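Here is a protein chain to look over. The questions below ask how each label was earned.

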Amino acid sequence: MFYHVKELQYRAKPERPDPLFAKQLQEILGGQFGEISVALQYLFQGWSVRGNGKYKDLLMDTGAEELAHIEMLATMIARLLDGAPVGDLEDAAKDPVIGAILGGMNPQHAIVSGLGAMPADSVGNRWTADYIIASGNLLADFRSNLNAESQGRLQAVRLYEATNDRGVKDMLSWLIARDTMHQNQWIAAIKELEAKENVVVPSTFPRELEKREVAYTLFNYSRGNESASGRWAQGTSMDGLGTFNYVENPVPFAKKPVLKPAPPYIHDTLPAVLRENSGMLPPSTE
């Protein structure tokens, strides 16, 4: 059960309107790594946990908090759009400052959302559920969560550097700090699960069913061999079950494939046409 507390988790009030920055803030609201994405990612992961316990609670706690961050950003965007010039472009352009703002703001903030936030990124792409990952495997999902928080914090920091508005910076500073916590919590959860399951996902697949002879081999498919100097090319593997090795000049393990022609009713290009120097003549017009 969810319920709404009317107070914001943290302040979301700019010093002054800024429709252009409102457009930029849409990225960390409705972009691939925005708050809508992480909120629904964590909630769906939590709802998929078959049983209760600390991992489910961690997911539900964090997903619920991310809903609060959506509300903070939506409020900030609406306030940045206060007084936005939405009238005649020619009249607005008579004032260079207003004209510049109008020329850069997202017109959908005026036309579609009525000076409110939208479930979209900074260039207008609508948010999509394709952004979220919820596989049912907690170790795989927590690694995805760490990536999402890493990318989200990076984008929030870039936005922090892009504004001089102390109110916006204040809110972003809060979100950046919460992303610090969330990265740390996912790292802690990942390490705990790795200690229980080992590092390769899924841990339940029988190792004897995989081609163990190439399970710890780095194939060199680049010019030069600089990659050979990395930890991934020598020593005990990270799961402790093998030894890394490096193949500088990989060779094919299989012959060149030869596919059978498709049946006539598929109407693929005829095999004779695909052969070089087939000598086929164009169809007669007689």
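## Labels and the values behind them

Q: Why is phenylalanine 44 called partly exposed?
A: This is a predicted model. In it, phenylalanine 44 has 39% relative accessibility. Partly exposed covers the range between under 20%, which is buried, and over 50%, which is exposed. So phenylalanine 44 counts as partly exposed. The residue sits in helix 2.

Q: What makes Phe2, Phe44, Trp47 and Leu67 a nonpolar patch?
A: A patch takes residues with over 30% relative accessible area and no salt bridge, and nonpolar side chains are joined within 5 Å. Phe2, Phe44, Trp47 and Leu67 form such a patch on the surface. Together they have about 400 Å² of accessible area.

Q: How do you know that arginine 178 and glutamate 65 form a salt bridge?
A: Their closest N and O atoms are 2.6 Å apart. The cut-off is within 4 Å, between a side-chain nitrogen of Lys or Arg and a carboxyl oxygen of Asp or Glu. So the pair of arginine 178 and glutamate 65 is a salt bridge.

Q: What does the pair of arginine 178 and glutamate 65 tie together?
A: Arginine 178 lies in helix 8, and glutamate 65 lies in helix 3 (residues 54-80). The pair therefore ties together parts that are 113 residues apart in sequence.

Q: Is glutamate 65 buried or exposed, and what about arginine 178?
A: Glutamate 65 has a relative accessible area of 11%. Buried means under 20%, so glutamate 65 is buried. Arginine 178 has 23% relative accessibility, so arginine 178 counts as partly exposed.

Q: What makes glutamate 192 and lysine 196 a salt bridge?
A: Their N to O distance is 3.9 Å. The limit is within 4 Å, so the pair of glutamate 192 and lysine 196 counts. Both residues lie in helix 8, four residues apart, about one turn of the helix.

Q: Why is lysine 196 called exposed, and glutamate 192 partly exposed?
A: Lysine 196 has a relative accessible area of 57%. Exposed means over 50%, so lysine 196 is exposed. Glutamate 192 has 31%. That value falls between the two cut-offs, so glutamate 192 is partly exposed.

Q: How do you know that aspartate 239 and arginine 207 meet in a salt bridge?
A: The N to O distance is 3.3 Å. The cut-off is within 4 Å, so the pair of aspartate 239 and arginine 207 qualifies. Aspartate 239 lies in the loop between strand 1 (217-219) and strand 2 (245-247), and arginine 207 in the loop between helix 8 and strand 1, so the pair ties together parts that are 32 residues apart in sequence. Aspartate 239 and arginine 207 are both buried.

Q: How many salt bridges does the rule give, and which residues are linked in a network?
A: The count comes to ten salt bridges. Glu15, Arg16, Asp165 and Arg166 are linked in a network.

Q: How many cavities of 30 Å³ or more are there, and what makes a space a cavity?
A: The count is one cavity. Its volume is about 90 Å³. A cavity is a set of points where a 1.4 Å probe fits but cannot get out.

Q: Which element gives the largest share of the lining of this cavity?
A: Helix 7 does, with four residues. Helix 2 (35-48), helix 7 (138-161) and helix 8 (166-197) are the elements that give two or more residues to the lining. The lining divides into six nonpolar, two polar and four charged residues. Among them are Ala148 and Asp179.

Q: Why is aspartate 179 called buried?
A: Aspartate 179 has a relative accessible area of 5%. The cut-off is under 20%, so aspartate 179 is buried. The residue is in helix 8. Aspartate 179 and alanine 148 are 31 residues apart in sequence, and 9.6 Å apart in space, C-alpha to C-alpha.

Q: What makes histidine 267 exposed?
A: Histidine 267 has 69% relative accessibility. Exposed means over 50%, so histidine 267 counts as exposed. The residue is found in the loop between strand 2 and helix 9 (271-274). Its phi is near 60°, a positive value in a residue other than glycine.

Terms used: Residues numbered from 1 in each chain as written. Predicted model: local features only at pLDDT ≥ 70, side-chain atom pairs only at ≥ 80, totals over all residues. Heavy atoms only, no water. 1 Å grid on protein atoms, 1.4 Å probe; cavity = no way out; pocket = protein on both sides within 12 Å on 5 of 7 lines; lining within 4 Å. Points joined across faces, edges and corners; volume = space filled by probe spheres on them. Nonpolar A, V, L, I, M, F, W, Y, C, P; charged D, E, K, R; others polar. Patch = residues over 30% accessible without salt bridge, like charges linked within 9 Å, V, L, I, M, F, W, Y side chains within 5 Å. Areas by Shrake-Rupley, 256 points an atom, 1.4 Å probe, with all protein chains shown as cover. Buried < 20%, exposed > 50% of the residue type's maximum accessible area, 1.4 Å probe, protein only.
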